Amino acid sequence: MADNRKILTDEELESTKNVSENEEYSLNDDRRVKVLSPGAMVAKRFFRNRSAVFGIIVLILMFLFSFVGGMLSPYGESELFYREEFHQKEYASAVENKEFRYRGTDDFSAIIQAQMLLSINKGADSFEWMKETYTVVKEGEDLYTCLNSSGEMIGFGFKSIFNPAQQGAEPDLETLLAIQKAHAANQAGTFTAGGKTYTIDEDSNIFTESGEEFGYVSVYNVQPLMGDVFLSREFKEQVIEEIEAGVNEFVFTDVDGEEHEYKLEYVAANDRYTITQATATRVYDRYSAPSKEHPLGTDKNGMDVMTRLMYGGRVSLTIGFVVEILSTAIALVLGGISGYFGGWVDNLIMRIVDIFYCVPSMPILIIIGAAMDNASVPPKTRMIYLMLILGVLGWPGLARLIRGQILSLREQEFMTATEATGLSVKRRIFQHLIPNVIPQTIVSVTMGLGGTILTESSLSFLGLGVRFPFASWGNIINDINDTYVLQHYLFVWIPAGLLLLATVLAFNLVGDGLRDAFDPKMKR
Amino acid sequence: MNTLKYVVKRVLLSLVILFFVALIIYTIMRCLPTSYIENVARAKATQPNSKTYEEWMAQLTVSYGMDKGIISGFFVWLGQALQGNFGDSWQYTAPVLQKFSECIGISFWMSAISMVFEWLIAIPLGILAARKQYSKTDYTISITAIACMSLPTFFLIALLKLVFCIKLGWFDLIGVIGRDYAMLDPWHQFLDRAAHLVLPIFTLVLISIGSLMRYVRTNMLEVLNADYIRTARAKGLSESKVINKHAFRNTLIPLVTFLGGSLPGLFGGALFTETMYSIPGIGYYSYHAMSAGDIPFSMFYMTFSALLALLGNLLADILYAVVDPRVRVS
């Protein structure tokens with residue numbers, strides 16, 4: 001077909017001369033003419049095209065990155081990373097008690113308590129209720145006792161709270177009053193109650209006769225905020241001390257000798273002190289910035305972005321190739337049959353091509369993707385379906401091209417020659433027709449690869465293509481649906497987009513270069 | 001007469017193709033699990049004192065008209081469609097055509113404006129590249145064109161949003177009207193809408209300008225290599241005359257054909273662009289209808305898209321015959 005020999009240009013002649021200077025050929029010697037096979041000529045034209053060579057280099061790098069990189073990467077495709085996160089958890093709260101609390105006999109009813117509070121606030125020392133007169137006696141600061149008309153003490157009101165050393169060891173009424181009185185006196189000393197003697201120090205710590213701790217009195221009430229925490233007395237005492245000292249942070253050494261850091265904060269809104277503890281929680285290492293371990297940071301699931309990109313490239317390239325091989329196979333067979341046999345076969349196949357050509361592919365893919373979502377198809381099956389659908393939707397254009405080519409090739413002399421030499425139909429098609437449509441097919445496949453990768457990534461971006469846990473460049477960029485990611489975590493989505501762009505661009509450049517190289521009319 | 005016969009034949013063929021395309025789409029939609037009805041039934045079944053899921057499914061299948069077989073269902077749909085009734089959209093609970101007429105306007109204007117820009121930019125650049133073939137200008141233009149063709153739409157939109165909406169703060173991230181739209185006077189309302197359409201139109205121009213630029217360049221190159229251009233040059237005509245009069249006019253033939261072919265596409269909407277910018281056009285609504293499994297709306301949209309594609313091909317072929325005198329003679 002094509003003339004295999006190329007007449008050398010002057011320049012090239014010059015160079016051949018230099019190589020074989022001492023050999024002189026006669027003018028009609030075949031060795032004067034450099035013979036290049038058609039393939040070599042195509043390659044020569046192709047490599048002269050700088051942008052195509054650039055495309056090839058990009059593609060090689062991309063393959064290395066995706067297929068070799070995935071193997072070299074120390075992490076797995078969906079390996080999760082964690083980090084310890086310290087945050088201040090609310091641990092306990094301390095409230096200064098500003099309300100009166102009451103203790104008393106059964107006669108000391110809630111109404112009487114209220115009446116007593118009224119008279120305290122008024123500054124009166126007695127009040128009447130139900131025709132009976134009660135006397136209110138101030139025993140000390142914020143400590144009042146209430147006597148009934150017969151002079152018996154029926155109860156008392158106080159603000160400072162007695163915290164017993166042993167849990168649940170509540171003292172009786174008399175002892176409690178004695179403790180409150182001793183506390184109200186605000187100085188160290190001893191007192192007796194119920195036949196026992198107690199000592200009280202300046203910080204209102206109370207000891208029994210034998211020197212055992214009995215409890216302490218404080219105006220602050222310290223309570224745990226977390227459910228499963230028991231606050232030891234030492235802790236409560238220390239909190240009160242720190243509040244009185246006015247510090248913000250303190251270290252508390254617990255019974256086991258472990259030191260814990262606490263922060264003390266006064267919350268004006270509810271008039272209490274909140275004690276927060278720094279606790280470590282193990283969380284997914286989400287959106288961590290690029291570092292030595294993760295060159296491109298981590299994504300929203302706490303996976304290494306670099307590794308995801310490698311596996312994503314693998315997925316995108318594999319899907320591209322499988323889809324193109326599938327649709328090219330269909331196109332070659334149907335286009336070949338159609339072009340070779342012509343007549344009604346050709347008519348039928350071409351009408352099928354027309355129909356498939358008109359089916360809007362993106363909507364179909366979206367609908368099927370959404371349906372698979374609904375049927376919760378497993379991600380792997382989903383990927384296979386995706387390839388099949390893309391392949392089935394992708395063949396009509398190429399089939400039309402091949403049919404046209406074969407139609408015109410069939411009429412050429414070399415085909416008449418094959419018929420005349422009695423070659424079988426199979427041989428005629430596969431040995432003489434198909435090889436002649438290979439160039440167009442290769443160009444179309446190369447350009448198609450870029451297109452397929454774009455379609456796949458668009459679908460994955462919409463969440464209708466390749467799904468988690470599999471990575472795809474499209475679904476990595478999917479994170480930007482959260483505007484915060486779009487704005488702040490550029491390291492997650494920009495590299496994926498650039499890789500995608502570079503790959504598609506490279507396929508298009510190479511396809512373009514191949515088309516020019518295959519075109520015998522090309523002058524350069 | 002010949003032309004008329006040809007046109008009639010093509011139209012009839014297109015109708016047959018459209019019929020089969022609709023049938024294929026309908027079959028696919030019906031074969032898939034009807035997610036929409038299932039979801040509605042599931043939601044209704046969870047309400048207190050409700051029927052069971054199966055009972056709801058049975059009732060809803062009948063009331064949504066999904067109880068017929070695929071073939072008979074298709075013919076019922078087709079019969080209604082031929083009378084101009086495409087049913088009620090499930091997702092938007094309104095007649096499909098009413099919804100369509102509401103949202104087609106903005107899609108059309110967006111596509112039309114971006115098409116004008118595309119042509120205004122692509123033609124001069126394509127011609128420039130062809131005139132200076134293999135020069136630096138040519139390489140720059142060609143590679144830019146291929147780069148535009150290779151741009152993933154969603155990535156481009158993300159980049160544009162990052163730069164123009166977030167970093168520069170010139171435009172809103174999504175939507176067609178600003179938050180104080182209702183308080184503006186009509187002129188500023190118009191300006192507000194226009195400002196919201198700048199980025200979408202820019203996106204549309206950028207993603208489709210590449211192929212047009214290459215098309216112009218290829219055709220111009222073909223014309224420039226033709227014999228009559230050599231003749232024109234040999235006659236000693238000035239370069240501007242050769243280019244503008246002899247070459248460009250002949251390039252117009254394929255360009256007009258291309259233009260005619262892409263006119264119907266103006267009504268097709270832009271699925272990705274509209275969805276990502278939340279522009280209430282046909283692309284946006286059909287994306288949401290399709291992902292919700294709304295069969296009437298999806299059927300309409302896909303048949304409509306197929307119709308537009310066929311119409312585009314038809315128009316291109318007819319225009320080719322009309323514009324090029326050489327085709328008419330033969």
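Start by selecting G169(B): this glycine comes just after helix 7 of chain B and takes a positive phi of about 65°. Keep in mind as you click around that this is a predicted model.

**Back up into helix 7 of chain B**

Now select residues 153-167 of chain B, which make up helix 7. Its 15 residues should span 21 Å at 1.5 Å a residue, and the end C-alpha atoms are 20 Å apart, which agrees. Look along the axis and stop at K161(B), where helix 7 of chain B bends by about 30°.

Which residues of this helix are buried? Color T153(B), F154(B), F155(B), L156(B), I157(B), A158(B) and K161(B). So K161(B) turns up twice on this stop: as the place of the bend and in the list of buried residues.

What covers those buried residues? Part of the cover comes from chain A, including helix 13, helix 14 (473-477), helix 15 and helix 16. Chain B adds cover of its own, including helix 8 (186-224) and helix 11 (271-277).

**Hop across to Q487(A)**

Next, pick Q487(A), which is found in helix 15 of chain A. Is Q487(A) buried, exposed or partly exposed? It is partly exposed, with 15 other C-beta atoms within 10 Å. Leaving aside neighbours within four places in sequence, Q487(A) is in contact with L162(B) and I166(B). Both of those partners fall in the 153-167 stretch of helix 7 of chain B.

For a sense of distance, draw a line from Q487(A) to E90(A): the two are 397 residues apart in sequence and 32 Å apart in space, C-alpha to C-alpha.

**The whole interface**

Zoom out and show where the chains meet: 35 residues of chain A are in contact with 38 residues of chain B. On the chain A side, the elements that give two or more residues are helix 8 (343-358), helix 9 (361-374), helix 13 (425-462), helix 15 (483-488) and helix 16 (490-518). Color that side by residue type and you get 24 nonpolar, 9 polar and 2 charged.

**Helix 9 of chain A**

From that set, select helix 9 of chain A. Its 14 residues reach 20 Å from first C-alpha to last, close to the 20 Å expected at 1.5 Å a residue. Of those 14 residues, 10 are buried, so helix 9 of chain A is largely enclosed by the rest of the structure. The buried ones are P363(A), I364(A), L365(A), I366(A), I367(A), I368(A), G369(A), A370(A), A371(A) and M372(A).

Switch on the surroundings to see what does the covering. From chain A, the cover includes helix 10 and helix 13. From chain B, it includes helix 1 (2-31), helix 2 (35-45), helix 12 (282-292) and helix 13 (295-323).

**Two loop residues with a positive phi**

Most residues other than glycine have a negative phi. Here are two to check against that.

Just past helix 9 of chain A comes S376(A), which has a positive phi of about 40° although it is not a glycine. S376(A) is found in the loop between helix 9 and helix 10 (379-394) of chain A. It is exposed, with 8 other C-beta atoms within 10 Å.

Then go to T93(B), whose phi is near 40°, again a positive value in a residue other than glycine. T93(B) sits in the loop between strand 1 (88-89) and strand 2 (94-95) of chain B. With 9 C-beta neighbours inside 10 Å, T93(B) counts as exposed.

**Step back: the two chains**

Select chain A on its own. It has 16 helices and 15 strands. Its radius of gyration is 45 Å, well over the 24 Å that the globule rule gives for 524 residues, so chain A is more spread out than a compact globule. Along the principal axes its C-alpha trace spans about 145 × 65 × 35 Å. Try coloring domain 1 (43-81 + 293-518) and domain 2 (98-158) of chain A, as given by the domain assignment. Their C-alpha centres lie 90 Å apart. Of the 524 residues of chain A, 32% count as buried.

Finish with chain B, which comes to 14 helices and 2 strands. Its C-alpha atoms fill a box of roughly 90 × 60 × 35 Å, taken along the principal axes. Of the 330 residues of chain B, 37% count as buried. Among its contacts between residues at least 6 apart in sequence, 70% join residues at least 24 apart.

Technical notes:
Residues numbered from 1 in each chain as written. Chains lettered and ligands numbered in written order. Predicted model: local features only at pLDDT ≥ 70, side-chain atom pairs only at ≥ 80, totals over all residues. Contact = placed C-beta atoms within 7 Å. Helix = DSSP H or I, 4+ residues; strand = E, 2+ residues; numbered from the N terminus. Nonpolar A, V, L, I, M, F, W, Y, C, P; charged D, E, K, R; others polar. Expected span 1.5 Å × (residues − 1). Bend = angle between axes of the 7 residues up to and from the residue. Buried ≥ 20, exposed ≤ 12 C-beta atoms within 10 Å, placed from the backbone. Domains from an automatic or database assignment. Rg over C-alpha atoms; globule rule 2.2 N^0.38 Å.
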